[in-house]
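Colleague: Could you take me closely through the helix packing in this model, and then through the places around it that deserve a look?

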Amino acid sequence: MKHRLLLLALLAIVSRGLAYEPAPGNLQAREWFQDAKFGLFIHWGIYSVRGEGEWVMHEKGIPVAEYEKLAPQFNPTAFDPAAWVKMAKDAGMRYITITSKHHDGFAMWETKQGNWSITGATPYKRDIIKLLADECRKQGIKLFLYHSHLDWYHPDYFPRGRTGQKAGRPESGDFNRYLDYMDAQLEELLTGYGPIAGIWFDGIWDRKDADWRLGKTYDLIHRLQPAALIGNNHHLAPKPGEDFQMFEKDLPGQNTTGFSGEAEIGRLPIETCETINGAWGYNKNDKKIKSARDLIHYLVRSAGHGANFLLNVGPKPDGTIQSEFTGRLAEMGRWLRTTGDSIYGTRGGPVAPRAWGVSTQSKTQVFLHVLEWPDELLPVPAAGLGRNPRFLATGAAVKTTVVDDHVILHLPVAARDPLDTIIVWDK
Ligand code: FHN
């Protein structure tokens with residue numbers, strides 16, 4: 001009787017998908033991912049033709065038959081994958097995450113599941129994911145794929161969710177057939193493009209209560225490429241089978257967007273993503289470009305929270321990336337060339353994140369990033385800091401005074417970097 005109960009309990013766990021055991025290569029990939037710290041997000045698709053962001057189909061209520069007319073206009077002859085990858089590497093980024101399919105359902109690769117794709121419906125006819133994957137491999141940078149669960153195009157995406165209501169599709173459909181189609185597309189991506197570092201899912205918030213068969217899809221991915229990391233931007237705590245957790249436009253623990261309210265922080269590697277202006281897909285009217293200072297601070301604060309930073313660009317329909325974006329990325333890369341030791345390969349440090357800054361740590365060193373602190377004296381908890389405090393930029397010793405369990409750092413104005421004063425201790 002006891003054994004039967006145990007067996008039943010085990011079966012229940014397995015059938016709920018809780019039994020996921022990451023492969024050794026997957027665990028290694030998680031470590032690599034956390035060390036990498038900085039990645040390039042790319043939102044690119046036929047929506048870029050309109051230059052009004054990737055939600056234009058939903059926001060303007062464009063029916064499928066009308067939206068399809070964008071495909072013949074998408075001919076990115078200036079797309080230069082070598083230049084994109086070099087741009088990311090020069091920015092200090094260690095991986096790229098590109099939209100294989102966004103919510104409009106359009107495949108940016110040569111899918112065999114219909115003609116709604118770059119090779120089936122555009123004059124360009126070349127497989128963008130393949131071109132980029134080959135170039136990433138050549139230049140030694142990893143590639144993740146953003147893949148939308150939500151689909152405004154496919155007729156079997158039914159019952160419909162809270163978006164894409166005006167796409168003019170028939171009021172019937174077989175949701176499981178849609179999921180089969182999605183799995184078949186994922187299988188193509190995970191078998192025809194070399195090692196894929198991970199799949200970045202998005203969109204199940206559109207139909208929160210639907211059965212998305214996540215276990216089946218996740219098993220498929222892990223079977224085809226055990227080291228590929230699965231993350232899902234469902235804005236909730238991680239689910240079984242996922243390998244990293246992401247936040248959107250929020251640091252872990254914040255909820256300025258309203259997306260992260262239910263997203264309790266799990267124990268997986270974490271990533272947060274942000275835009276350079278306010279848009280993910282190309283938006284010709286969005287001129288609100290964040291400063292390099294703000295973007296660098298976001299990277300530093302992410303690292304202090306133990307999270308990666310995935311920073312987005314939305315390329316233009318011709319395949320070029322606007323100079324405001326490339327300029328910001330170049331500035332970030334320049335900064336990282338002298339400060340990278342305090343970011344790459346680190347985890348959150350002993351001083352918890354504060355309004356004035358954060359701490360990070362590698363295996364041998366602790367780093368304090370003082371981002372906004374007007375005074376010369378800065379008290380911080382002494383626990384875990386280590387020996388020999390000095391300014392990372394110059395190597396000059398930092399004068400300290402110990403008061404109870406705090407150490408007061410003396411930070412004369414002349415020794416400060418207005419962007420980020422970094423102090424390093426040996427462990
Ligand atoms: O709806 C998408 C949006 O277009 C974009 O892809 C971002 C990126 O994090 N995620 C979604 C909203 O949560």
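Modeller: A crossing is right-handed if the near helix is turned clockwise from the far one by less than a right angle, and left-handed if it is turned anticlockwise. The model is predicted, and everything below is to be read with that in mind. By this rule α5 and α7 cross in the right-handed sense. Helix α5 covers residues 81-90 and helix α7 covers residues 128-139; the angle between them is about 50°, and their axes are 9 Å apart. That angle makes α5 oblique to α7, because an angle has to be under 35 degrees to count as roughly parallel and at least 65 to count as roughly perpendicular.

From α5, the residues in this contact are P81, A82, W84, V85, K86 and K89. From α7 they are L131, L132, E135, C136 and Q139. An α-helix has 3.6 residues a turn, so residues three or four places apart point the same way. Sorted by class, the contact of α5 with α7 has seven nonpolar residues, one polar residue and three charged ones. The charged residues are K86 and K89 in α5 and E135 in α7, and the polar one is Q139.

The packing of α8 (residues 175-191) with α9 (residues 214-224) can be set beside this. Here the angle is about 15° and the axes are 10 Å apart. The two helices are therefore roughly parallel to each other, and their crossing is right-handed. On the α8 side the contact is made by D180, M182, D183, L186, E187, L190 and T191; on the α9 side it is made by K216, T217, L220, I221 and L224. Six of these residues are nonpolar, two are polar and four are charged. The charged ones are D180, D183 and E187 of α8 and K216 of α9.

Helix α9 has further neighbours. Its buried residues are L214, T217, Y218, L220, I221 and H222, and T217, L220 and I221 also appear in the contact with α8. The buried residues of α9 pack against α8, against helix α2 (24-36), and against the strands β4 (198-202) and β5 (229-233).

That leads to α2, where Q34 is placed. With a relative accessible area of 16%, Q34 is buried, since the limit for that class is under 20%. Leaving out residues up to four places away in sequence, Q34 touches P269, N308, T346 and R347. W32 and F33, which also fall within the span of α2, belong to one aromatic cluster together with Y95, F144 and F244.

Across the whole structure, a search finds 31 aromatic pairs. One of them, F106 with W116, is edge-to-face, with 4.9 Å centre to centre and 90° between the planes. F106 and W116 both lie in the loop between β2 (95-101) and α6 (118-121), 10 residues apart. F106 counts as buried because its relative accessibility is 1%, and W116 counts as buried at 8%.

The loop after β5 is also worth a look. L236 lies between β5 and β6 and, at 25% relative accessibility, counts as partly exposed. Not counting residues up to four places away in sequence, L236 touches Q245, E262 and A263. The C-alpha atoms of L236 and F259 are separated by 8.6 Å, although the two residues are 23 residues apart along the chain.

Last come a few backbone details. Most residues other than glycine have a negative phi, and most peptide bonds are trans. F158 and P159 are joined by a cis peptide bond, with omega about 0°; P159 is in the loop between β3 (142-148) and α8. K249, which is not a glycine, has a positive phi near 55° and sits in the loop between β6 (245-248) and β7 (270-275). D404 is not a glycine either, and its phi is positive at about 55°. D404 is placed in the loop between β14 (400-403) and β15 (406-410), and it counts as exposed because its relative accessibility is 73%.

Conventions
Residues numbered from 1 in each chain as written. Predicted model: local features only at pLDDT ≥ 70, side-chain atom pairs only at ≥ 80, totals over all residues. Heavy atoms only, no water. Axes fitted to C-alpha atoms, helices over the stretch in contact; angles between N-to-C directions. Helix = DSSP H or I, 4+ residues; strand = E, 2+ residues; numbered from the N terminus. Parallel < 35°, antiparallel > 145°, perpendicular 65-115°, else oblique. Contact = heavy atoms within 4.5 Å. Phe/Tyr/Trp six-rings, centres within 6.5 Å; stacked < 30°, edge-to-face > 60°. Buried < 20%, exposed > 50% of the residue type's maximum accessible area, 1.4 Å probe, protein only.
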